[in-house]
Structures are given as C-alpha cells and as structure tokens.
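Colleague: Before I rely on the description of this structure, I should like to hear the grounds for its terms.

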Amino acid sequence: MTHKGFRVAAAVVAALLVTGCSTPTPTPTPASPAAQVAVNNLPSDHVHAVAINPGDEKVYLATHQGLFRYGASGPEKVGPTIDLMGFSIAGPDHFYSSGHPGPGTELPNPVGLLESVDAGQTWTPLSLQGQSDFHLLAASSAGIIGFDGALKSTADGGTWEPRADMGAAPSSLTSSEDGSVVLAATGGTVIRSEDAGRTWTSLAGTPPIMLLDWASTGVFAGVTAAGELTVSGDDGATWQTRGSVNTAPQAITAKMETNGKLRILVATGTDLLESTDDGFSFAPLASR
C-alpha cells in the first residue's frame with residue numbers, strides 16, 4: 001500500500017496478490033504475529049506495504065506483526081500490534097490503515113479504517129469497524145479509495161460511496177497526490193481512473209504489472225510478478241523497463257528525489273531492496 005494514496009502502497013496472491021492473502025471475508029481470523037519470521041533486513045516475511053513518511057523521511061513497513069520504522073539500527077516496532085493489511089501515508093506523520101487486531105490490541109475485528117496523526121504510534125477508528133478489512137488503501141488530498149472486496153471511496157474518512165467495478169480484483173491501487181489520477185493493477189492489466197474510481201479505462205500495451213506506486217506528477221513505478229521494474233512518465237500510458245529484483249515482490253513504493261532520480265523500494269519475501277538510480281539497480285536497504 002505514501003502519497004499515492006500518498007503512496008500506498010501499497011501485494012496479493014490470486015484475488016489479492018498485493019497482500020499475499022485471500023480476498024477479505026466478513027469474519028476474518030486475526031493474524032498470529034508469532035508465526036512470522038524475521039529475515040535479512042525484514043522484521044517479518046509477510047509484508048503488506050512499504051512507504052516513506054515525509055515527516056521524518058524514514059521507511060515504514062506494514063506487516064502481519066504491525067508497523068515498523070527503519071532507523072540507524074534497522075527496523076523498530078512502532079505502535080500497537082495490528083495486522084496491517086491496507087496501509088497508506090497521506091502526509092507527514094499522517095497514516096491510514098486497516099486489517100485485524102493483534103494480541104493485546106482492543107479493536108473490533110476487522111478494524112475498518114484507522115487513522116494515525118503521530119506516525120503510527122496510536123490509531124483512531126474512523127469507520128466500518130467490525131465490517132471492513134481493506135487490503136488496499138490509496139489516500140490523497142481528495143480522500144481515500146479502498147478495496148475490501150468492493151471498491152469504495154470516502155472524502156472524510158467516515159462516509160463511503162461505492163465505485164465502479166474494475167472487472168477483476170486489483171492487486172495494487174495507487175493515487176496521485178491530488179487524487180486526479182488513480183491506477184490499479186488487475187490481473188496483469190493496468191487500468192486508470194481520472195474521476196476517483198467512478199469510471200476506468202484499460203491501458204493497452206502495459207507490462208504485466210503486479211504492484212505499482214505513484215512517485216511524482218505523471219510518474220509511476222511498477223513491478224511484475226517476476227520482479228521486473230518498469231516506470232511510466234505519462235500517467236501509465238507507456239512504460240519503460242528498468243532493472244529487476246529477480247524474485248516475486250510483496251510491496252513497492254517510489255519517490256522522486258530532489259536530484260531528479262527515482263528512489264524505489266521493493267519488499268520481497270526475504271529482503272527489502274532499494275534503488276536510487278531510477279530502478280536500474282537494487283541493493284539491500286542500508287540503515288539510515
């Protein structure tokens with residue numbers, strides 16, 4: 001599931017490849033954090049989203065075991081234990097999430113839409129508690145688009161409106177900062193909406209993108225199920241192949257740096273990889 005929904009970043013297998021989980025059900029089972037395994041520079045082998053917080057420029061991971069922030073000593077746990085399925089950063093220290101409560105967390109299951117204004121230290125329930133498990137969230141200045149088995153949007157975090165059917169369950173959903181352009185990956189096809197999900201247009205000739213993220217005006221980064229990186233500079237109309245992470249991805253985020261280069265992070269099942277050269281090469285994320 002950061003800006004892009006403020007990046008959402010926001011992975012799913014089958015109906016929801018972006019999370020690596022099944023399509024949400026009305027009575028989901030809470031995650032078992034103890035079942036997750038820390039690998040390499042990942043705090044868990046089950047990552048749902050990666051994003052960069054513009055408030056501290058740190059990398060955040062949304063996982064089965066909760067939220068983690070990368071610092072000088074690596075990933076550090078932030079806030080309560082919530083199985084964060086959908087996750088999106090809407091601005092500095094301003095996060096939205098969804099999923100299931102973990103041990104010791106007193107929230108309905110599923111948790112519905114949650115909001116944090118202190119970089120994930122605490123969460124406030126906004127709507128659909130006990131009803132929705134959003135596997136995908138994309139926040140922008142215009143509101144939030146979410147997928148919990150059906151596509152819907154909200155301008156205020158409280159009142160939701162249904163949006164158009166996309167033809168297939170999306171594996172990824174991302175929005176421009178102002179919400180004027182929304183892209184979704186559905187079954188290897190990229191579709192675009194310019195009216196907050198009310199209508200969708202299939203983009204011909206796109207690579208079989210599994211996950212994607214908004215980086216800057218007109219610029220999106222995507223990754224295929226095989227780990228091949230691709231970048232668009234025209235709101236998804238055309239794509240240019242870059243490097244590869246050489247394995248299946250779990251989450252992606254992208255950001256245009258002040259030097260004009262794209263910074264792209266891809267979480268796999270075994271590592272968190274970073275590119276600082278527009279996606280041409282990747283290396284494990286270094287501590288910062």
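The exchange below concerns a predicted model and takes up its sheets and its largest pocket.

Colleague: What makes strand 9 and strand 10 a pair?
Modeller: Two strands count as paired if DSSP finds at least two bridges between them. Strand 9 (residues 113-116) and strand 10 are joined over 3 bridges in the antiparallel sense, so the criterion of at least two bridges is met. Within strand 10, Thr-124 stands opposite Glu-115.

Colleague: Which sheet holds these strands, and in what order?
Modeller: The order is 7-8-9-10, in an open sheet of 4 strands with antiparallel pairing. Strand 7 (82-91) and strand 10 (124-127) are its edge strands. Neighbouring strands of this sheet are turned against each other by 35° on average, direction ignored.

Colleague: Why are strand 11 and strand 14 called edge strands?
Modeller: They belong to an open sheet of 4 strands, which has the order 11-12-13-14 and antiparallel pairing. Strand 11 and strand 14 (160-162) each pair on one side only, and that makes them the edges. From one strand to the next, the twist averages 20°.

Colleague: How do you know that strand 14 pairs with strand 13?
Modeller: The antiparallel pairing of strand 13 and strand 14 runs over 3 bridges, and the threshold is at least two. Trp-160 in strand 14 is the bridge partner of Thr-154.

Colleague: What makes a residue part of the lining of the largest pocket?
Modeller: A lining residue has an atom within 4 Å of a point of the pocket. The largest pocket has 16 such residues, and Ala-142, Gly-143, Ser-153, Thr-154 and Ala-196 lie nearest its centre. The space in the largest pocket is about 190 Å³.

Colleague: Which strands contribute to the lining of the largest pocket?
Modeller: At least two residues of the lining come from each of strand 11 (136-140), strand 12 (143-147) and strand 13 (151-154). Strand 12 gives the most, with 3 residues.

Colleague: What is the division of the lining residues into nonpolar, polar and charged?
Modeller: The lining of the largest pocket has 7 nonpolar, 7 polar and 2 charged residues. Gly counts as polar in this scheme, so Gly-143, one of the residues nearest the centre, falls in the polar class.

Colleague: Why is the largest pocket said to lie between domain 1 and domain 2?
Modeller: Domain 1 (44-163) and domain 2 (169-287) both give residues to the lining of the largest pocket, and therefore the pocket lies between them.

Note on methods. Residues numbered from 1 in each chain as written. Predicted model: local features only at pLDDT ≥ 70, side-chain atom pairs only at ≥ 80, totals over all residues. Heavy atoms only, no water. Axes fitted to C-alpha atoms, helices over the stretch in contact; angles between N-to-C directions. 1 Å grid on protein atoms, 1.4 Å probe; cavity = no way out; pocket = protein on both sides within 12 Å on 5 of 7 lines; lining within 4 Å. Points joined across faces, edges and corners; volume = space filled by probe spheres on them. Domains from an automatic or database assignment.
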